[in-house]
Amino acid sequence: MTAPRHKHVAPRPRRTTLRRLALGTVAATALTGSVVGYAVADPGPLAPTSSAAASPTAARHSGPASARPLTASPSGSVYLADRVRSFSRSSRRVTLAPKPDVTGHRFMTAPLNVWPSPREKGSPLKVLDPGTKVAVTGLVSNGFARVLLHDKVRWVNADYLVEKLPEPSGSAQPSVTAAGGGVVSSAPCASGSSVESGLVPDAIALHRAVCAHFPQVSRYGGRSPYGEHADGHALDIMVYSDSALGQAIADWVRANAGTLKVSDVIWSRHIWTPVRASEGWRLMPDRGSVTANHYNHVHVRVY
């Protein structure tokens, strides 16, 4: 009887040994490369690297050294890799501009919008009242003057800055100086008070202030069922063919807009508003008649 053949099988322990040797060689190479790279940056003591740090998964999620927490070795030393911090020479740097020198002070002849740069874009930061004193730096760009407000660089329309405030037109007329610096009057108008019927208190104050400074005006328009006059907030100051008088009234009302609580002035087919004061007088569309285009009267509305 023939004896059964025995299959020749290579011992498994040998294959396992070879695989372990190969893995150990790769790990040693990776570890050696890491040691050489860090040794250049810091020759201090090294702690053993865990096998997890050498795995592809750990490499993908480890992130930069500066983003990883510090890790202590069993001996209490901090891992060298945790002491390495990234630095980029291309990082954005913030340069603080020096505060410009003040060259003088100016006064505002009208309510002025305040802007963060020498242009009108978006909404103004605030609106300064007529007569406000501001520090100027001597620089004008695109018609805007650079000023300092609370030690911050701001821009306002340069056309409405003067070294000295002009005396209000008709300042010799009876008047009372309000706490805000504007000129108003509480005395009834010589032309009568019938026009004040239906007007709000601020519109009445406007009427008395104008008639005190311009006594040559004898006729006004008050509340009516039409347009802006329907709610009692508007007043028409009739000048007829005296365009010089109309211009003087319009300029005076605008210069005292803050005290008189003016929301808009219309004269000679132009409109001015405090919220867009830096634009000055703005041309309006032609409405087809002398009265509709406000050539014979100054229209003023209060808030």
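In the next few minutes I will describe one residue, Tyr 220, and then one strand, E15, in this predicted model.

Let me begin with Tyr 220, which you will find in strand E10, a strand that covers residues 220–221. Is this residue buried or exposed? Tyr 220 has a relative accessible area of 11%, and because buried means under 20%, it counts as buried. As for its surroundings, and leaving aside residues up to four places away in sequence, Tyr 220 touches Ser 191, Val 195, His 207, Val 210, Cys 211 and Phe 214, and also Leu 235, Asp 236, Ile 237 and Met 238. If you look for Val 239, you will see that its C-alpha lies 9.2 Å from that of Tyr 220, while the two residues are 19 apart in sequence.

One of the residues that Tyr 220 touches, Leu 235, takes us to the second part, since Leu 235 stands opposite Val 300 in strand E15.

Strand E11, residues 234–238, runs antiparallel to E15, and five bridges join the two. E15 also pairs with strand E12, residues 262–267, again in the antiparallel sense, here over four bridges, and in this pairing Asp 264 stands opposite Arg 301 of E15.

Why can we call E15 largely enclosed by the rest of the structure? The strand spans residues 297–302, and six of its six residues are buried, so the description follows from that count. Taking the faces in turn, His 297, His 299 and Arg 301 are buried on one side, and Val 298, Val 300 and Val 302 are buried on the other, so that both faces of the strand are covered.

Methods: Residues are numbered from 1 along each chain as its sequence is written. This is a predicted model: local features need pLDDT of at least 70, side-chain atom pairs count only at pLDDT 80 or more; totals for chains, interfaces and linings use all residues. Side-chain values use heavy atoms; hydrogens and water are left out. Buried means under 20% relative accessible area, exposed over 50%, partly exposed in between (1.4 Å probe, protein chains only). Contact means heavy atoms within 4.5 Å. Two strands pair if DSSP finds at least two bridges between them.
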